[in-house]
Amino acid sequence: MRIADVLRNKGASVATITPETSIAGLLTELSVRNIGAMVVVAPDGLAGIVSERDVVRALQKKGGELLTRPVSEIMSTLVATCSPNDSVDSLSALMTTNRVRHVPVMENGRLAGIVSIGDVVKTRMEELEAQQEHLEAYITQGG
């Protein structure tokens with residue numbers, strides 16, 4: 001299965017935020033949207049990604065004053081990305097290698113979606129269920 005198929009099933013909308021947004025504003029958006037990360041975009045395109053983990057780690061180091069600081073101070077600027085034509089298996093490997101849970105999908109230099117580890121697991125579970133149904137039908141029909 002390809003990433004394009006995952007996006008077709010889940011939708012291609014992406015929650016984004018600007019580098020200047022305060023970390024308190026980021027936390028509000030994460031909570032309201034019930035998500036774990038947001039893509040950071042600047043006028044010239046993808047600037048980074050920021051997750052709940054980034055906030056927790058920075059809070060431990062800097063304390064509560066961090067909440068007034070901009071997202072740009074804690075976001076990851078080296079962002080692992082994929083394309084709609086990549087396979088879910090290759091994305092799974094990318095996530096494991098880079099130890100990331102959210103990967104923006106880029107197409108022709110534009111943000112086309114985002115895939116989370118939850119999306120990958122759900123896709124794999126659906127594939128396994130379909131395989132099981134095919135095998136059961138094959139066995140029931142006598143091969």
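Colleague: How do you know which class each residue in the lining of the largest pocket belongs to?
Modeller: The lining has seven nonpolar, five polar and six charged residues. Ala, Val, Leu, Ile, Met, Phe, Trp, Tyr, Cys and Pro count as nonpolar, Asp, Glu, Lys and Arg as charged, and the others, Gly among them, as polar. This is a predicted model: local features need pLDDT of at least 70, side-chain atom pairs need 80 or more, and totals for chains, interfaces and linings use all residues. Residues are numbered from 1 along each chain as its sequence is written, and side-chain values use heavy atoms, without hydrogens and water.

Colleague: Why is this called a pocket, and how much space lies in it?
Modeller: About 460 Å³. On a 1 Å grid over the protein atoms alone, a pocket is an open set of points where a 1.4 Å probe fits, with protein on both sides within 12 Å along at least five of seven lines.

Colleague: What makes a residue part of the lining, and which are closest to the centre?
Modeller: An atom within 4 Å of a point. Of the 18 lining residues, S51, R53, R99, V100 and R101 are closest to the centre of the largest pocket. R53 is charged, because Arg counts as charged.

Colleague: Which element gives the most to that lining?
Modeller: α3, with four residues. α3 spans 52–62, and β3 (45–51) also supplies at least two.

Colleague: What about the second largest pocket?
Modeller: About 260 Å³ of space lies there. K10, S13, I35, A37 and I114 are the closest to its centre, out of 15 lining residues. β2 gives the most, with three residues.

How values were computed:
Grid points are joined across faces, edges and corners, and a volume is the space filled by probe spheres set on the points.
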